[in-house]
Amino acid sequence: MGRLAIALLSVLLLFSLVRGKDITFSANPSNVVNGTTKSLEINCKAPALDEKLNLIILLMVDQLEEGENVTIASDRGFGAKLHVQDSHMSVEGALRGADEAFLKVKIAEPELNHTGKYQCRFAYLNMAEFRFVLLSKTLEITFTEPDEPTPAPVVSDSCSCDQVWTELKDLRETLIAENRQLKDQLKSYDDSCRVSFTARLTGRNGKKFWSNRPMIFDSVLTNKGEAYNATEGIFTAPCSGQYFFRLTMRSHQDRDSGYVDGAIEVNGEEMARTSVFTDNPMDHYEQASNGLVLSLEENDEVQVRIQTNSAGKIYGEVFSVFSGFFISA
């Protein structure tokens, strides 16, 4: 079996070119008269589809030059885009709406290089049958001098199967890359990731502290997503991404000098500290605060640990607060 036959068989097995639906592809005018034609419109309109059963992927207009496709304009769901640097050209289009999917290329004061063969391609995913569908149609725009007769327009829906196979592979790789980027962006809008919490110590008189002990903020004010465990004083990241944490503590040292620090730890590794110090042996009150942005992996654990060489207690309620929230993926 020849290479062309194998390529054709592969295309027929993997992709269905549906003849029941067709593209409307037209040029107005179909003949450009040198120095006379003021504007040229190339309009590609996709067939009507049920949006519940079909996912539109792209609509594209190419200019065919010596067997090579030069993409002029496309819409991949993020708005119509012009792919060439040409001051004569502009584009508008949409993949949704009452007018269905369309792509319109407008050319002001068209010249010889704006004529020739054009192709419109429309791709969508039939989710009911889970198959990829590619529709294509070509037309030819002629160029004449004012005294030359105008040739009849040529419209064709034929295509090279080898060419389609290559383009489909390129399209698949592009869609996979764009889909991966879109998924990363959408993580920021995944409500299961968008957690936040604020917790305080119970009781204004607070709790005694000992060095190298976890400080458990057990009075929860808010805990969206339930990522903070008030029993153990541990926040567990539900998703990988950027998070912000802030720690504020007020210490009371009982007739003892030295330092009292609160360390923010990730999986036992210290990331930031609040720190106070006094060399006064009398009763002493100090308050400190610190905050930072952390890159966490899913299931990383964040907690506060006391480090001190002094004695006393940490005041609670409004004086000592631990909080954090998800920023983005």
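**Stop 1: an open sheet**

Select strands E2, E4, E9 and E8 in this predicted model. These four strands form an open sheet, and E2-E4-E9-E8 is the order in which they lie, with antiparallel pairing. Which strands stand at the edges? They are strand E2 (24-28) and strand E8 (89-94); each has a single partner strand, so one side of each is left without a neighbour in the sheet. As you turn the view, look for the twist, which averages 10° from one strand to the next.

Now keep just the inner pair on screen. Strand E4 covers residues 39-45 and strand E9 covers residues 102-108; the two pair in the antiparallel sense over seven bridges. To see one position in detail, select cysteine 44 and look across to E9, where leucine 103 stands opposite. While you have strands in view, here is a general point: in a regular strand the side chains alternate between the two faces of the sheet.

**Stop 2: leucine 82**

Next, select leucine 82, which you will find in strand E7 (residues 80-82). How accessible is leucine 82? Its relative accessibility is 25%, so leucine 82 counts as partly exposed. Show its surroundings, leaving out residues up to four places away in sequence, and you will see that leucine 82 touches Ile72, Ala73, Met89, Ser90 and Val91. Then add threonine 71 to the selection: 11 residues separate threonine 71 from leucine 82 in sequence, and the C-alpha to C-alpha distance between them is 8.6 Å.

**Stop 3: strand E11 and its partners**

Move on to strand E11, residues 131-144. This strand is mostly covered, with 11 of its 14 residues buried. Two of the strands that pair with E11 are worth showing beside it.

- Select strand E10 (residues 116-126), which pairs with E11 in the antiparallel sense over 11 bridges. Glycine 116 is a good place to look, as isoleucine 141 in E11 stands opposite.
- E10 and E11 form a hairpin, with four residues between them. Click on phenylalanine 130 in the turn: this residue has a positive phi of about 50°.
- Select strand E3 (residues 31-33), which pairs with E11 in the parallel sense over three bridges. Here valine 33 has threonine 144 of E11 as its bridge partner.

**Stop 4: salt bridges**

Time to look at charges. Side chains of opposite charge can pair when their charged atoms come close. How many salt bridges does the structure hold? There are eight, and we will visit some of them.

Start with lysine 207 and aspartate 218, whose closest N and O atoms are 3.0 Å apart in a salt bridge. Lysine 207 lies in strand E14 (residues 207-208), while aspartate 218 lies in the loop between strand E15 (213-214) and strand E16 (219-224), so the pair ties together parts that are 11 residues apart in sequence. Lysine 207 is partly exposed at 28% relative accessibility, and aspartate 218 is partly exposed as well, at 30%.

Now select Asp261, Glu270 and Arg273, which are linked in a network of salt bridges. In one link, the side chains of aspartate 261 and arginine 273 meet at 2.6 Å, N to O. Aspartate 261 lies in strand E20 (residues 258-266) and arginine 273 in strand E21 (residues 269-278), so this pair ties together parts that are 12 residues apart in sequence. In another link, arginine 273 meets glutamate 270 at 2.7 Å, N to O.

Colour these residues by accessibility. Is aspartate 261 buried or exposed? With 6% relative accessibility, aspartate 261 counts as buried. Arginine 273 is partly exposed at 30%, and glutamate 270 is partly exposed at 37%.

**Stop 5: a nonpolar patch**

Switch to a surface view and select Val293, Phe325 and Ile327. Together they form a nonpolar patch on the surface, with about 250 Å² of accessible area. Isoleucine 327 is found in strand E25 (residues 321-328), and its 36% relative accessibility makes it partly exposed.

**Stop 6: the whole chain**

Finally, zoom out. The protein chain has two helices and 25 strands. Of its 329 residues, 40% count as buried. The chain exposes about 17,800 Å², and carbon and sulfur atoms supply 49% of that area. Among contacts with a separation of 6 or more, 67% are between residues 24 or more positions apart.

Conventions:
Residues numbered from 1 in each chain as written. Predicted model: local features only at pLDDT ≥ 70, side-chain atom pairs only at ≥ 80, totals over all residues. Heavy atoms only, no water. Patch = residues over 30% accessible without salt bridge, like charges linked within 9 Å, V, L, I, M, F, W, Y side chains within 5 Å. Areas by Shrake-Rupley, 256 points an atom, 1.4 Å probe, with all protein chains shown as cover. Salt bridge = Lys/Arg side-chain N within 4 Å of Asp/Glu carboxyl O. Buried < 20%, exposed > 50% of the residue type's maximum accessible area, 1.4 Å probe, protein only. Pairing = 2+ DSSP bridges. Axes fitted to C-alpha atoms, helices over the stretch in contact; angles between N-to-C directions. Contact = heavy atoms within 4.5 Å.
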